[in-house]
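User: I would like a close look at the salt bridges in this structure. Please set them in the context of the chain as a whole, in terms suited to a first-year student.

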Amino acid sequence: MNAGTPLTLPPELRARLRLLRLRPRQASGASGIGQHASRSRGAGLEFAQYRAYEPGDELRQIDWKLYARSDRFFVRESERESPITVWLLLDATASANQADRAAPQRTRLDHMRGVAACLVELALQQGDRFGLLAINGDGLQLVPAANGARQRDRVHLQLQALHARGGWPSADRLRPLWERARPGDLLLAIGDGFDEAGIVLLEQLASARREVALLQILTADERDFPFDAGHRFRDPETGEELQGDGAAIRADYLQRFADARTALQARLQASGIGSATGWLDQPLDQPLQALFGRGSGA
């Protein structure tokens, strides 16, 4: 899924997405991603309570069996899931250019585009508003929130035009993010999760009553470290290089990598931030299934 090609999703992936729902947890008080962020009373999905009939109520909402017992009109009131605003927050700094040795033509950014396209489809099928906040060395690239198929096309076009470059920008260049993402909005961050400034931003957003989750996208090489013999490792954002023997440093690397992921998970949990990991050699919807699937504990 390169920047110059349409962001199309295969039919089998679309079928799996139809079984998912974007369900923030704040309204339900759950420990994981829970029910929709806001609820309104009305002729909705789940029975909530009875209330006295008022002029203007629809007759079909009257509980006639209860009327027969009480000689009073009562309306069955249900909970109805209300639309939310979903923001896709992409870390498109230079590390998003990384790719696995086994598939060098597919970068982390390509995979992130695909994950973002999946999230757009979920928001679209729910009737939610959605927008894009893409961050790279150029600053913040914004697609304001809206809904509908045309909005999907706008987000897709911006995703296609996005280039991974530079490091994390200064906080003042991200000020429009705070002006757009309102309390109660759902922010789904997509990136490698190893940029300190990026994690600080997520913590700040969570503490300011935004619903935040991280979809951490990692390469298979980061997971497996399949390097042997001499190899030059280069940080794409700082340019720093390390020469080493892959086989000799593999065990130490894997331990450090596991420790870093454990520390990050603890930090996110402490701030009430949900998270799931996707790998470049696995399906696009893998982290979505973990966060929003039936077995997610939602």
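Analyst: Among contacts in the chain between residues at least 6 apart in sequence, 71% join residues at least 24 apart. The model under discussion is predicted. Its secondary structure comprises nine helices and 13 strands, and 44% of the 298 residues in the chain count as buried.

The confidence of the prediction should be considered before any details. The average pLDDT of the chain is 85, and 79% of the residues score at least 70. Two stretches call for caution. Over residues 1-5 pLDDT stays under 50, although the model has 15 contacts beyond four places in sequence for them. Residues 26-46 also stay under 50 in pLDDT, and for these the model has 71 contacts beyond four places in sequence. Where pLDDT is low, predicted coordinates should not be read in detail.

The salt bridges can now be taken up. Side chains of opposite charge can pair when their charged atoms come close. A search of the whole structure finds 11 such salt bridges; a few of them are described here one by one.

The pair to begin with is Glu-222 and Arg-108, which form a salt bridge whose closest N and O atoms are 3.2 Å apart. Because Glu-222 belongs to helix α7 (residues 220-224) and Arg-108 to helix α3 (residues 108-126), this pair ties together parts that are 114 residues apart in sequence. Are these two charged residues buried or exposed? Glu-222 counts as buried because its relative accessibility is 12%, under the 20% cut-off for that class. Arg-108 also counts as buried, with a relative accessibility of 1%.

The next pair consists of Glu-196 and Arg-267, which form a salt bridge with the closest N and O atoms 2.8 Å apart. Glu-196 lies in helix α6 (residues 196-207) and Arg-267 in helix α8 (residues 246-270), so the bridge ties together parts 71 residues apart in sequence. Glu-196 counts as partly exposed at 46% relative accessibility, and Arg-267 counts as partly exposed at 28%.

Helix α7 appears again in the pair of Asp-281 and Arg-223, whose side chains meet in a salt bridge of 2.7 Å, N to O. Asp-281 sits in the loop between β13 (274-279) and α9 (286-292), while Arg-223 is in helix α7, so that the pair links distant parts of the chain, 58 residues apart. Asp-281 is partly exposed, with a relative accessible area of 45%. Arg-223, at 23% relative accessibility, also counts as partly exposed. Beyond single pairs, Arg-14, Glu-121 and Arg-152 are joined into one network by salt bridges that share partners.

The nonpolar interior completes the setting. The largest nonpolar core has 42 residues, among which Leu-22, Leu-88, Leu-90, Leu-119, Leu-188 and Leu-288 touch the most other members. At least two residues of this core come from each of α1 (11-17), β4 (85-91), α3, β7 (129-136), α4 (149-161), β9, β10 (211-218) and α9. Helix α3 gives the most to this core, with 10 residues. Arg-108, described above, lies in α3 as well.

Leu-188 shows what such packing looks like for one residue. Setting aside neighbours within four places in sequence, its contacts are Leu-22, Val-86, Trp-87, Leu-88, Leu-89, Leu-119, Ala-213, Leu-215 and Phe-292. A second core, separate from the largest one, has 20 residues, including Leu-133, Leu-187, Leu-214 and Leu-268.

Helix α4 also contains His-156. This histidine counts as buried, at 12% relative accessibility. Apart from neighbours within four places in sequence, His-156 is in contact with Leu-7, Ala-117 and Val-120.

The surface offers a final view. The chain exposes about 14,700 Å², of which carbon and sulfur atoms supply 49%. Tyr-53, Leu-59, Trp-64 and Phe-73 make a nonpolar surface patch of about 420 Å². Within this patch, Phe-73 has its place in the loop between α2 (64-70) and β3 (74-81), and counts as partly exposed at 38% relative accessibility.

Technical notes:
Residues are numbered from 1 along each chain as its sequence is written. This is a predicted model: local features need pLDDT of at least 70, side-chain atom pairs count only at pLDDT 80 or more; totals for chains, interfaces and linings use all residues. Side-chain values use heavy atoms; hydrogens and water are left out. Patches are made of residues with over 30% relative accessible area and no salt bridge: like charges are joined within 9 Å, nonpolar side chains (Val, Leu, Ile, Met, Phe, Trp, Tyr) within 5 Å. Accessible areas come from the Shrake-Rupley method with a 1.4 Å probe; for residues, only the protein chains shown count as cover. A salt bridge is a side-chain nitrogen of Lys or Arg within 4 Å of a carboxyl oxygen of Asp or Glu. Helices (H or I, at least four residues) and strands (E, at least two) are DSSP runs, numbered from the N terminus. Buried means under 20% relative accessible area, exposed over 50%, partly exposed in between (1.4 Å probe, protein chains only). A nonpolar core is a set of buried Ala, Val, Leu, Ile, Met, Phe, Trp, Tyr and Cys residues joined through side-chain atoms within 4.5 Å. Contact means heavy atoms within 4.5 Å. pLDDT is the predictor's confidence in each residue, from 0 to 100.
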